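Student: Please take me on a close look at one pocket, and show me how to place it in the whole chain. I am new to this, so please go slowly.

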Amino acid sequence: VAKFYLELTTPHGGGLDIITFNDSTLDSDPTIIQCDPSRLDSDYYHFVYLIEDRFYFSPIADNYPFDMQMIFIAYSIPKPDQHGFLQPIQKHDVDTVFELDGWEVEDVRSGVFREKMKKKPVLSEASVSVIETNRVGWIIKRASSMTLLKVLIPLAFLWSLVIYGLFLPLENLDRAVAVLTTSFLSAIALYFSTERPQPLRMTVIDFIFASFYVTVGISCAAVFSLNFFPTAYQEYMPFVKYLLPISAVLVFVFLRRRIRSRRFYPYMQ
């Protein structure tokens, strides 16, 4: 739901009647309050409206909880041959101070979106027309995320338990197996209790848990298999011990590059 002020200067006395909002959900009637209309001269009118309506929103949740989103309002004149064209709002005139809980405004966008529409009537020849839609949008990013803290702090503790279990001597192998198994099952329980966006996507949170499962699973498989070969355990276990911290660094580099990638940067669509 969005509530905003709209100023309109037009030679048509109908005001907002000549404009339609293209991305309105149409599931409820908008609330429109006209504020102090005035006539500038003999040719133009000035209108101010307070509008509250619901608009479509297509989130990109892949980088959750480091995601950035694009929210925008699309509006146009359905009959440009009668009422003319809309002048795009200048970028520096777009308001960036408004209430948006949990989010911060990163940048603004304003311009004209042009789209080809093909008409194929049955009884006449096909034609192509260009539809122009004015759009004003805001790129927003998540201000802070307690979800990340609620995930990283327990996972860091479980990770330290896994490393502790790997460095236990062969005489305490039963304790190492218990520590690794408990850490793996605790991570599964933590994953299902973590907030995740809908619909389900492979987000940053999912990659963090997936990397934890893979590394801990490899460690468990190494401990279980090498248990039957004491000589091989002493020889190959140091590689497994130091592979875990290295894998954590590689996962961090991968997620950092993913978050900064332009692939998941929001855009008007």
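Tutor: Let's begin with the whole chain. In the protein chain, 71% of the contacts (heavy atoms within 4.5 Å) with a separation of 6 or more are between residues 24 or more positions apart. Keep in mind that this is a predicted model, where local features need pLDDT of at least 70 and side-chain atom pairs count only at pLDDT 80 or more, while totals for chains, interfaces and linings use all residues. Residues are numbered from 1 along each chain as its sequence is written, and side-chain values use heavy atoms, with hydrogens and water left out.

The protein chain has five helices and seven strands (DSSP runs numbered from the N terminus: H or I of at least four residues for helices, E of at least two for strands). Along the sequence, they come in the order β-β-β-β-β-α-β-β-α-α-α-α. The C-alpha atoms of the protein chain fill a box of roughly 95 × 50 × 30 Å along the principal axes. The radius of gyration of the protein chain, taken over C-alpha atoms, is 29 Å, whereas a compact globule of 269 residues would have one near 18 Å (the rule is 2.2 Å times the number of residues to the power 0.38). Of those 269 residues, 33% are buried (under 20% relative accessible area with a 1.4 Å probe and protein chains only; exposed is over 50%, partly exposed in between). The protein chain exposes about 17300 Å², and carbon and sulfur atoms supply 59% of this area (Shrake-Rupley method, 1.4 Å probe).

Now for your close look. The second largest pocket holds about 360 Å³ of space. (A pocket is an open set of points on a 1 Å grid where a 1.4 Å probe fits, with protein on both sides within 12 Å along at least five of seven lines; points join across faces, edges and corners, and the volume is the space filled by probe spheres set on them.) Its lining (residues with an atom within 4 Å of a point) has 16 residues, and L152, I208, V251, F252 and L255 are the closest to its centre. The elements giving two or more residues to this lining are α2 (146-166), α4 (204-226) and α5 (230-260). The largest share, six residues, comes from α5. By type, the lining has 14 nonpolar residues, one polar and one charged (nonpolar is Ala, Val, Leu, Ile, Met, Phe, Trp, Tyr, Cys and Pro; charged is Asp, Glu, Lys and Arg; the others, Gly among them, are polar).

Next, follow the chain out from α2. The loop between α2 and α3 (173-192) holds E171, which is exposed because its relative accessible area is 66%. E171 and Q82 are 89 residues apart in sequence, and their C-alpha atoms are 88 Å apart in space. Another long span joins Q87 and S193, which are 106 residues apart in sequence and 49 Å apart, C-alpha to C-alpha. Q87 sits in the loop between α1 (80-83) and β6 (103-119) and is exposed, with a relative accessible area of 64%.

Q87 is also one of the residues that N134 touches, a list that includes I73, Y75, P88 and V112. N134 belongs to strand β7 (residues 127-142) and counts as buried because its relative accessibility is 5%.

For a contrast with the long spans, try I18, in the loop between β1 (2-10) and β2 (20-21). I18 and H83 are 65 residues apart in sequence, with their C-alpha atoms 7.1 Å apart. H83 is among the residues that I18 touches, as are T10, H12 and P78. I18 is buried, at 9% relative accessible area.

One last stop is the loop between β4 (45-53) and β5 (68-76), where P65 lies. Most peptide bonds are trans, but a cis peptide bond joins Y64 and P65, with omega about 5°.

Note on methods: Lists of a residue's contacts leave out its neighbours within four places in sequence.
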